[in-house]
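Colleague: I'm new to this one, so could you show it to me and walk me through a few parts?

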Amino acid sequence: MSSFDAISNNHNFVLAEEDVCKLWDGPSLMHIQNKLAQERGDKEYTFYDGPPFATGLPHYGHILAGTIKDTVTRFAAQTGHYVERRAGWDCHGLPVEYEIDQKLKITRREQVLDMGIENYNKECRSIVTRYTGEWEETVTRLGRWIDFRNDYKTMNPEFMESVWWVFKQLHEKGLVYQGYKVMPFSTACGTPLSNFEAGLNYKEDTPDPAVVVSFPLLSDPTVSLLAWTTTPWTLPSNLALCVHPEMEYVKIKDLATSSIWVLAKTRLSQVYPIMKTKKFKKEQEKELFETIQTYKGEELVGEKYTPLFDYYKTDPSQTYWRILSDTYVTDDSGTGIVHQAPAFGEDDYRVCLKAGIIFKGGDIPCPVDVNGIYTEKCKDFAGQYVKSADEGICTLLKSQGRLVQKAIIKHSYPFCWRSDTPLIYKAVPSWFVKVEEIKEKLLVNNEKTYWVPSHVKDVRFKNWLRDARDWAVSRNRFWGTPIPVWASDDMEEMVCVGSIEELYELSGVRVEDLHRETIDKIEIPSKKNPGTVLKRIDEVFDCWFESGSMPYAQKHYPFENEEKFKDQFPADFIAEGLDQTRGWFYTLMVLSTALFDKPPFKNLIVNGLVLASDGKKMSKRLKNYPDPTLVINKYGADALRMYLINSPVVRAEPLKFQEDGVLGVVKDVFLPWFNAFRFLMQNVTRWSGEAGKDFVPSLDKVRGSNNSIDVWLGARTQGLIKFVHNEMKHYRLYTVMPELVSFITELTNWYVRLNRDRLKGADEDAERGLQVLYDTLLDVTVMLAPFAPFISEYFYQHLRKLQPSYAEREKGGRSNPVMVGKSDSVHLLQLPTYDESRLNDTAVAGFKVLQKIIKLGRDAREKRLISVKMPIKSMVVVLPLASEDITKDVSTKLAEYIKTELNSWDVKFVTREEEHEWVKISLLPDLKILGKKLGKKMSSVKKGLVAMTHEEAKKAISSGSAEVEGVVIDFKTEVLSKYTYAKEGDSRWEGAVHSDGDVVIAIDTQEDPELVASGKCREIITNIQKLRKTAGLEMTDKVEAFYAEVGAKMGGTLAACVKSNVGTFEKKFDGMVPLPVEMASTTKVFASATVEIGSTNVVIDIRPPAVSVAKKVGEEERMFLNTVDVEDVVVGMELKCKIDGKEFEFTEGKEFFTDATKRAKVEKVL
């Protein structure tokens, strides 16, 4: 049976969600939503979905971003927009190649070339969509509406062709060049990484060798410069040393070895660690070394030294192995002298290029291949992996007397984000986009965008743009979009191709696929040198270039959809994680600025990182987080969605994922919400039965109610609708969810509870209350649809059945105009807009005061250990700061609710003239302000303030100033005031003051027999309701209740309590009054319990209604009357029977009764 057929007592949210999924039928309802929007001519709302890799399963980061995207796009679709939600897949690049390399045990580039690029790419293609089915299943079960059938893939030729077009545009604008760049390099993947990729996986406390090496001067071989490095593997490539031109250097003689060294004066502690200790004194230096000479770094420039290795001694250049200077050298570590290996350091490359050690366009000495293996050039270590060679290099240098010091340090070090292996920095030839040239435009376009939270845009992203370097967009890999440049062998002639058609025109070859196996073999005849050909260069695009091209490539722009693209660009909305400030957000901004001088999006939500519960990164290996699928199957997708978007993570802060938090949403939000919904539907059914007519929702009846709580709920609901629309307009999900949760709490914990008895009635007032509750639940259900799509759908499917237009569903359930009742899904409706006429600040403020009064009343009871079941005679309320309107509202319209909720027989609102009897204004000087002003007079002024009476303080505050101990004090800015309870210590009255100081209450704690009796009756009522629940009875099921005081007859002392509170029971139980068990007519019991009431054990049970026989009736006649079914009895009816030949006549109301309560009244038991 579907969840939509009946409302279960034991609702299963997960099963209900699965039924909703069947109703939605995958994406079909989303397509209907879009179809209806297009028919209406709704304005288009453009959304870009950043393409994930489908080589792994979705995790909480994907679920979080997907939930944010779905919430925002659902909201847009239900507020008058057409929203295309197209899924996309990132298909190229390292994530895919790494998987294949692992599978085929590929460690070197040559292995790929040996097997053939075509075969390698075929393997890559085979796994690209490996998990798309699982992605679709998880995303759909999460409730996200996105079009998987009309998806885009970065490996599709249409997408790749648009990427070519993007690159050609940059090329024609002069924003592309080829050059060397020292870049983070993954030796495991054999490719350079971008700076933002390098920043994705830093590891703290990574151990590395730290060595100090000597470099003897050619001019005086007895003198050696000392350089410090944490990468000994780069020493075979050393071509120079660098000092700071202004730093002070010293030549010293080491007294232990008689060696003469040169290093920075401030870095002597590097070779003499004892100098770092607290006990070391300057005069001890003479025991360690002797200072020979001091000079500035610039004085060392030009000196030549003996190299560590002779691998490059045969090079034609005579510029190697000399001392250079640059201000990048620091004295915060090392020796103040930095060894230069331009093939492996960005600053090294820059400094050596500037000094003429190497030349632009020339080769750079580099004995390391793309897999991090030393080549034959480095003969002593050829074939070794660079990181593994550190120890051997140190051993060799030690044997040559060049190793001065060796230690191990732990520092933060970048690892490859895909292979999790250490990165090196390596000079590689690359194709670059001139980001630095358009930097100012990037900053201007960034200002045109709106980010949530804004500080990510204004600080993190802005700083990243300000410091942006030229972007290396090429990769020396195989599975990717080939860079469309054909060139001569000497690179003097180049052609950049921008389309398949252009390639055909230039080469005569028409292609349908643009991957390397197809493109690399195509040659273009040279125009400069007839008879020769141009061949495509080796590189492919970095996959970030492809994802940054997504706005154009997903639509195959400009080859198709040209006008459509122009209308939709920039996107209205995108969302991804904080890490994308250096990834997708950045590449989108660079390309859109370079192409169109526009930002690529208007609005952006940045989410933080979802961590394991212990604050560590979620790890499949460590299994430190619950499987998302299991969490959804346990608690439901809505609970997970609301947990995520009601957390700090939507403000770009980290979230420590707690499974208990998801459970908390079910317990604290969904269950109360469901109970309010179920309560409504049960009472609507009951009311219809008792009133003899259908319940028809009527907005006129809702607006016509003058019940103060109804007015409050209407105002609160309209205020919520207004708030949600405004906050979602500004993409502030983090403010919306707490307000929605707060509203549901107020609806269930306040409105329903305060009106429970009223809503169970059968009169017009009961109907008005049910109308208001229905209207509110319907509004909230529709309003919450984008946030909690499943439970909203479930509620709607039941609520819609009460609407007159429900009869039209068969013909118009999926057509315009959309209408509550007729429309087949809550997601086809438009969200409600607020009704200005129903906003009521006074009603809302008054209800807040009521809530404070009730909370304070409970606090006061708790102080005196008085149960809420025990009534109090009276209570006093003081509202010293409230306006006259609010005071009047609360004291006249809400007083009965206060009395009922706090079980008080009376409540008195104290006037301004009487408030001094109950409250006192306490005054204290503001020490921060008055301290300087008063000086020694502070003590006497403080005493004067404390001594002021309530009336004096009130007058001073009202006038704004007063003289205290001879000093005029400004009571608005120089005095701290608060209201306090004036009867502290009173044995009869117990008070409580709200922290805001605007509400003070006091309860009368005196007890008397009447109060005790009333309290016991309230406990009986509570236990009867518990027994009904235990028996699984419906609200309309009638019962009779009986009690027995253990060890007593006819109810014992409890009978008197019941007798004095008959009216209370009759009102609560529709005329039924609990009676001594001796008056029970049937032995059948629905449920029974022994409870303690007062200090006495009492057995209470509930039984089905039965004919109750008068005490005066004889046994034989009683036996006959006990066989009469109470359902057949009407008031005043007569029965006749013959027993043993004797005829008897019985009249209802004399010898028998329709229930035991009537009999008890006749027999004076009540």
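Modeller: Here is a short tour of some sheets, a helix, a buried residue and the cavities.

Colleague: Anything I should know before we start?

Modeller: This is a predicted model, so local features need pLDDT of at least 70 and side-chain atom pairs count only at pLDDT 80 or more, while totals for chains, interfaces and linings use all residues. Residues are numbered from 1 along each chain as its sequence is written, and side-chain values use heavy atoms, with hydrogens and water left out.

Colleague: OK, sheets. What is the strand order in the open sheet of six strands?

Modeller: The order is β12-β10-β11-β8-β7-β15, with mixed pairing. The edge strands are β12 (289–296) and β15 (403–414), each pairing on one side only. Neighbouring strands there are turned by 25 degrees against each other on average, direction ignored. Strands are DSSP runs of E with at least two residues, helices are runs of H or I with at least four, and both are numbered from the N terminus. Two strands pair if DSSP finds at least two bridges between them.

Colleague: Which helix packs on that sheet?

Modeller: Helix α11 (residues 390–399) does, touching β7 (202–216) and β15. The direction of α11 makes about 160 degrees with that of β15. Axes are lines fitted to C-alpha atoms, for helices over the stretch in contact, and angles run from 0 to 180 degrees between N-to-C directions. Contact means heavy atoms within 4.5 Å.

Colleague: And how many bridges join β10 to β11?

Modeller: Five bridges, between β10 (residues 248–254) and β11 (residues 260–264), which run antiparallel. Val250 stands opposite Leu263 in β11.

Colleague: What about the open sheet of four strands, what's its order?

Modeller: That one goes β6-β5-β16-β18, with antiparallel pairing. Its edge strands are β6 and β18 (471–472). Two bridges link β16 (residues 424–433) and β18, and Phe432 has Ala472 as its bridge partner in β18.

Colleague: Switching to β23, which residues are on its covered face?

Modeller: Leu534 and Arg536 are on the covered face of β23 (residues 533–536), and Val533 and Lys535 are on the uncovered one. Strand β22 (residues 523–525) pairs with β23 in the antiparallel sense over three bridges, and Ile524 has Leu534 as its partner. Strand β20 (residues 485–487) is joined to β23 by two bridges, also antiparallel, with Lys535 as the partner of Ala487.

Colleague: Now Phe1042: buried or exposed?

Modeller: Phe1042 counts as buried because its relative accessibility is 2%. Buried means under 20% relative accessible area, exposed over 50%, and partly exposed in between (1.4 Å probe, protein chains only). Phe1042 lies in strand β37 (residues 1040–1045). Leaving aside neighbours within four places in sequence, its contacts include Leu1075, Met1079, Ile1100 and Ala1156.

Colleague: Last topic, how many cavities of 30 Å³ or more are there?

Modeller: Eight, and the largest has a volume of about 110 Å³. On a 1 Å grid over the protein atoms alone, a cavity is a set of points where a 1.4 Å probe fits but cannot get out, and lining residues have an atom within 4 Å of a point. Points are joined across faces, edges and corners, and the volume is the space filled by probe spheres set on them.

Colleague: What lines the largest one?

Modeller: It is lined by 16 residues, with Gly93, Leu94, Arg475, Asp542 and Cys543 nearest its centre. α4 (94–104), β6 (191–192) and β24 (540–541) each supply at least two residues of that lining.

Definitions and conventions:
1 Å grid on protein atoms, 1.4 Å probe; cavity = no way out; pocket = protein on both sides within 12 Å on 5 of 7 lines; lining within 4 Å.
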